[in-house]
Amino acid sequence: MGTIASNLLINIWWEPLIVFRSGLHSKMGEYWKAFMTVNGLFVLCLIIIHFTKGYFMGLVPLIGYYLAFSVLFNLLMFNYIPSFKKLVFKVIRR
């Protein structure tokens, strides 16, 4: 339990702090805003999936349902996270 807690603390707080202060010379406000938005969207999608997946019986409809939610999640990230939009355009240009 301690290992999991320390890894989460280091990966969520300490490493971004070092990168933003030392490498990027900026504040962590944008990181926390993007972090909370992405995780909030993810949790919201998981809650919706949990309560609505019972309506889709069978493997093929369930696969389609999960694919639709994957597309929805990525579209939400594309609209609400500016750095994600930049990353998508950078990958497409290659």
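Trainee: Hi! Which helix is Ile-48 found in?

Mentor: Ile-48 belongs to helix H2, a helix being a DSSP run of H or I with at least four residues and a strand a run of E with at least two, numbered from the N terminus. Bear in mind that this is a predicted model: local features need pLDDT of at least 70, side-chain atom pairs count only at pLDDT 80 or more, and totals for chains, interfaces and linings use all residues. Residues are numbered from 1 along each chain as its sequence is written, and side-chain values use heavy atoms, with hydrogens and water left out.

Trainee: Why is Ile-48 called partly exposed?

Mentor: Its relative accessible area is 34%. Buried means under 20%, exposed over 50%, and partly exposed in between (1.4 Å probe, protein chains only), so Ile-48 falls in the middle class.

Trainee: What does Ile-48 contact, leaving aside its neighbours within four places in sequence?

Mentor: Tyr-65 and Phe-69 are its partners, where contact means heavy atoms within 4.5 Å. Ile-48 and Met-1, by comparison, are 47 residues apart along the chain, with 29 Å between their C-alpha atoms.

Trainee: Tyr-65 and Phe-69 also appear in the largest nonpolar core. What makes a set of residues a core?

Mentor: The members must be buried Ala, Val, Leu, Ile, Met, Phe, Trp, Tyr or Cys residues joined through side-chain atoms within 4.5 Å. Nine residues satisfy that here: Leu-41, Cys-45, Ile-49, Tyr-65, Phe-69, Phe-73, Met-77, Ile-81 and Phe-84. Helix H2 (29-52) and H3 are the elements that give two or more residues to this core, and H3 supplies the largest share, four residues. In soluble globular proteins, nonpolar side chains tend to be buried together.

Trainee: H3 has some leucines too. Are Leu-59 and Leu-67 buried or exposed?

Mentor: Both lie in helix H3. Leu-67 has a relative accessible area of 54%, so it is exposed, and Leu-59, at 64%, is exposed as well. Leu-67 and Gly-54 have their C-alpha atoms 16 Å apart, at a separation of 13 residues along the chain. For Leu-59 and Arg-93, 34 residues apart, the C-alpha separation is 36 Å.

Trainee: And why does Leu-75 get its label?

Mentor: Leu-75 is in H3 (residues 59-80). Its relative accessibility is 47%, so it counts as partly exposed. Leu-75 and Pro-61 are 14 residues apart in sequence and 21 Å apart from C-alpha to C-alpha.

Trainee: How do you know that the protein chain is more spread out than a compact globule?

Mentor: The protein chain has four helices and zero strands, in the order α-α-α-α. Its radius of gyration is 17 Å, well over the 12 Å that the globule rule gives for 94 residues, so the chain is more spread out than a compact globule. That radius is taken over C-alpha atoms, and the rule is 2.2 Å times the number of residues to the power 0.38. The C-alpha atoms fill a box of roughly 50 × 45 × 20 Å along the principal axes, and 15% of the 94 residues count as buried.

Trainee: Back to Ile-81: which residues does it touch, not counting those up to four places away in sequence?

Mentor: Ile-81 touches Ala-34, Thr-37 and Val-38. Among the residues lining the largest pocket are Ile-81, Ala-34 and Thr-37, together with Phe-20, Tyr-80 and Lys-86.

Trainee: What makes that space a pocket rather than a cavity?

Mentor: On a 1 Å grid over the protein atoms alone, a cavity is a set of points where a 1.4 Å probe fits but cannot get out, while a pocket is an open set with protein on both sides within 12 Å along at least five of seven lines; lining residues have an atom within 4 Å of a point. The largest pocket holds about 270 Å³ of space. H2 and helix H4 (82-93) each give two or more residues to its lining, and H2 gives the most, five.

Terms used: Points joined across faces, edges and corners; volume = space filled by probe spheres on them.
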